[in-house]
Amino acid sequence: MPAFLRRLLIVSASLVVATAGAAYATSPGTGHGVPTVSQAPEGQQAIQPELPASVIASSFGSGSTWKPEEALFGTTSQNDLPVTMSDGTVLRADVVYPTDPKTGKIAAGPFPVLLTMTPYGKGSGGSSSPGSAQQPTGGAGTGGPSNYLAQRGYIEVIADVRGTGDSEGSWGIFDPVQTSDSITLVNWAATLPHSNGKVGTYGPSYLGINQLLLAGHIGRNSPLGAIFPIVAANDLYRDTSFMGGLLDSEFDSAYLGLTAGTNLGNPVIDAASNPKSSPASVGDLAHVEGDHAGGIASYHVGSSVETLSGGATSFEGQYWQARNPDNVLTDVVANGIPAYLVGGEFDLFQRGEPLNYAGLQNAFDGRNPGAPMFSGQHVTGRYQLIDGPWEHLNGSSVDVDVLQLAWFDRWLKGEQTGIDTTPTPLHYYDLGTGQWSETTTYPFAGAAPQRLYLGAGSLTTAKPITPATDTLVWNGTGSPCSRPIDQWSMGGLSIPSAAVGVTAPCAGNDAPSADDPTTSISYTTAPLASSERIAGPSSATVYASATTNDSEWVIELEDVSRNGTATPLTEGALLGSLRAVDASSSWKASDGGYLIPYHPYSEASAEPVVVGQVTRYDIEIFPTFATIPAGDSIRVTISTADNPHLSATVPEGAKLAGGVYSIQRSTSYPSYIELDVQH
């Protein structure tokens with residue numbers, strides 16, 4: 001099967017089954033108005049978004065004169081090369097070499113090597129046909145080679161992760177052995193013919209997360225010189241596998257189906273497409289398929305049963321800690337490895353991408369990587385983040401060819417491109433204005449806490465005086481039409497809608513989220529007298545009693561226009577029994593409230609809700625960056641469910657059933673929202 005067709009099938013399957021001061025400057029976009037991705041400037045909402053020239057320029061120091069060179073080489077590939085891991089397992093890799101355009105032979109070099117490690121099939125995605133990339137073309141959501149880079153003097157290695165594609169072994173999500181495999185692949189790639197011994201890595205999503213894990217574990221003085229992770233997680237449990245201790249069933253079920261299909265299907269497809277180079281030619285296909293089937297039995301079936309039944313993997317613990325990039329950010333910096341990050345404000349890893357940036361900058365500055373940055377903190381161009389108005393699939397495919405070339409030219413070829421000297425290494429898109437802001441720190445410079453108390457359908461800065469309550473009922477269904485359905489299907493509504501020029505249903509107007517007054521209730525500010533930007537993480541502190549031993553809380557943050565249109569910005573959630581807060585790991589605002597309440601989410605921290613007792617719930621709301629114009633209002637909707645995005649495990653569901661919640665609004669129990677705001 002041709003690579004482009006395989007890529008189309010994988011992306012289609014994903015869509016169907018899921019789918020203040022000098023440190024701060026602004027780069028104009030071409031859009032302006034309501035803060036919704038469907039209103040983003042044209043080219044940023046497509047499957048392969050393009051970056052404005054101003055954002056690319058802001059990635060470089062002011063004195064940079066570097067320009068991308070023209071294509072100098074052709075390309076050729078050697079496919080399904082065997083690479084033996086430390087335990088004897090054989091992985092398979094394709095190698096793309098630059099060729100002399102006059103002779104067609106592999107060019108002498110020496111060249112740096114760019115490595116990507118994919119679980120989706122090394123023949124999928126990218127510009128895999130030799131000579132196909134004469135112009136910059138965005139990346140592929142499933143990874144793959146980029147001839148744009150190969151034609152400019154880079155060898156590329158695309159390897160199938162253990163237990164996937166044509167590689168032997170069984171697969172589980174980010175099994176620690178995969179990091180050991182990555183180190184072996186780096187050392188192997190550095191010794192390839194025509195290599196200069198230096199290696200960089202690139203790729204989105206899974207292919208980005210494994211870069212951070214590799215860079216944190218490889219040690220100092222290795223061949224690895226730089227990484228370029230796109231839409232990569234910080235904390236797999238908190239970012240996307242769960243939200244607030246609740247299972248992300250929408251994405252998780254889609255991903256299980258996708259990986260099971262590709263793990264079994266790709267070896268057969270490769271055997272049919274490349275009979276001369278595939279493992280089938282040496283009688284290995286049955287062996288590979290047997291290995292992969294074992295991974296499906298142990299991970300897709302075994303781990304799913306354990307999680308759904310409320311076992312160890314349904315809590316934050318050793319399993320997830322061994323796979324979390326946030327645990328290795330200090331080591332990435334200590335190992336001397338620069339990282340350019342790309343994220344999306346509606347991505348699966350919306351929460352974690354700016355935390356990766358802050359963690360790397362803090363580590364470089366000798367600070368705790370888990371702490372908030374402070375205004376005026378020293379920053380370095382060695383660690384940058386672009387965060388745009390993208391879901392996961394189009395965030396995976398942003399056209400970053402020129403940035404990658406400058407990045408790898410700087411760190412692997414020693415060229416003084418100036419990409420490491422920018423004074424503003426944080427590039428964030430404002431969902432309200434359609435402009436890009438060039439800044440430095442996260443939390444954002446110039447932001448101050450704003451506390452808004454829940455009133456009788458209102459949000460105000462005044463603490464309530466007269467005691468009152470609002471009643472909600474848990475039914476486990478949630479709104480069938482809301483922004484999370486699109487986000488956690490990786491853009492399954494907005495991307496195809498944008499492709500045909502229509503507004504995505506549910507993704508742009510969040511009015512249906514408050515349709516059922518028994519399961520959700522909204523609180524809205526008066527129209528703003530002047531514009532303000534909600535910038536970064538937020539939280540909700542809700543005091544409530546419940547009639548059950550557990551509770552479920554979902555918070556949506558929205559912009560309500562003068563005509564009543566409610567545009568969703570972000571959300572947060574919390575399972576009541578996992579409400580314990582680790583204050584030492586939380587981010588606090590200057591007024592004492594939480595910007596990020598850090599919950600252990602461990603089995604040991606779980607505590608039943610006491611029936612009838614007023615209980616405090618601190619709910620993390622994922623970050624956003626959106627200017628609310630004068631005349632619009634800020635709205636918060638509190639719900640008791642967010643299905644199909646979130647669901648309870650079987651034991652949790654039994655404890656939630658029949659719950660009735662009473663939200664408190666009084667001087668003693670003042671429920672409120674904590675925002676970080678720039679005026």
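# Close-up views of the predicted model

**View 1. Helix 5, its length and its surroundings.** The 12 residues of helix 5 should span 16 Å at 1.5 Å a residue, and the end C-alpha atoms lie 17 Å apart, which agrees. The expected span is taken as 1.5 Å times one less than the number of residues in the helix. Helices (H or I, at least four residues) and strands (E, at least two) are DSSP runs, numbered from the N terminus. The model is predicted, so local features need pLDDT of at least 70 and side-chain atom pairs count only at pLDDT 80 or more, whereas totals for chains, interfaces and linings use all residues. Residues are numbered from 1 along each chain as its sequence is written, and side-chain values use heavy atoms, with hydrogens and water left out. Of the 12 residues of helix 5, 11 are buried, so the helix is largely enclosed by the rest of the structure. Buried denotes under 20% relative accessible area, exposed over 50%, and partly exposed the range in between (1.4 Å probe, protein chains only). Among the buried residues of helix 5 are Tyr-206, Ile-209, Asn-210, Gln-211 and Leu-214. Gly-219, just after helix 5, takes a positive phi of about 90°.

**View 2. Positive phi at Ser-205 and Val-231, two residues other than glycine.** Ser-205 has a positive phi of about 60° although it is not a glycine. Its place is in the loop between strand 6 (195-204) and helix 5 (206-217). Ser-205 is buried, with a relative accessible area of 9%. In Val-231, phi is also positive, near 40°. This residue is found in the loop between strand 7 (224-230) and helix 6 (236-241), and Val-231 is buried, with a relative accessible area of 0%.

**View 3. Strand 12 and its two partner strands.** Strand 12 comprises residues 426-429. In a regular strand the side chains alternate between the two faces of the sheet. Here both faces are covered, since Leu-426 and Tyr-428 on one side and His-427 and Tyr-429 on the other are all buried. Strands count as paired if DSSP finds at least two bridges between them. Strand 11 (residues 383-388) runs parallel to strand 12, and three bridges join them; Leu-385 has Leu-426 as its bridge partner. Strand 13 (residues 436-439) pairs with strand 12 in the antiparallel sense over four bridges, and His-427 stands opposite Glu-438. Strand 12 and strand 13 form a hairpin with six residues between them, and Gly-434 in the turn has a positive phi of about 75°.

**View 4. Cis peptide bonds preceding Pro-443 and Pro-644.** Tyr-442 and Pro-443 are joined by a cis peptide bond with omega of about 0°. Pro-443 is in the loop between strand 13 and strand 14 (448-454). The peptide bond from Asn-643 to Pro-644 is cis as well, with omega near 15°. Pro-644 lies in the loop between strand 24 (633-639) and helix 16 (650-656).

**View 5. Aromatic pairs between separate parts of the chain.** The structure holds 27 aromatic pairs. The rings of Tyr-237 and Tyr-601 have their centres 5.8 Å apart and their planes at 35°, so the pair is tilted. Rings of Phe, Tyr and Trp (its six-membered ring) pair if their centres lie within 6.5 Å; planes under 30 degrees apart count as stacked, over 60 as edge-to-face and the rest as tilted. Tyr-237 lies in helix 6 and Tyr-601 in the loop between strand 22 (594-596) and strand 23 (615-628), so the pair ties together parts that are 364 residues apart in sequence. Tyr-237 and Tyr-601 are both buried. Trp-390 and Trp-436 form another tilted pair, 5.9 Å centre to centre with 45° between the planes. This pair links distant parts of the chain, 46 residues apart, with Trp-390 in the loop between strand 11 and helix 12 (392-396) and Trp-436 in strand 13. Both tryptophans, Trp-390 and Trp-436, are buried.

**View 6. A ring cluster, and two arginines over aromatic rings.** Ring pairs link Tyr-154, Phe-228, Tyr-340, Trp-407, Phe-408 and Trp-411 into a cluster. Arg-152 lies over the face of Tyr-148, at 3.7 Å from the ring centre. The charged end of Arg-483 sits over the ring of Phe-346, 3.8 Å from its centre. A charge counts as over a ring if NZ of Lys or CZ of Arg is within 6 Å of the ring centre and within 35 degrees of the ring normal.
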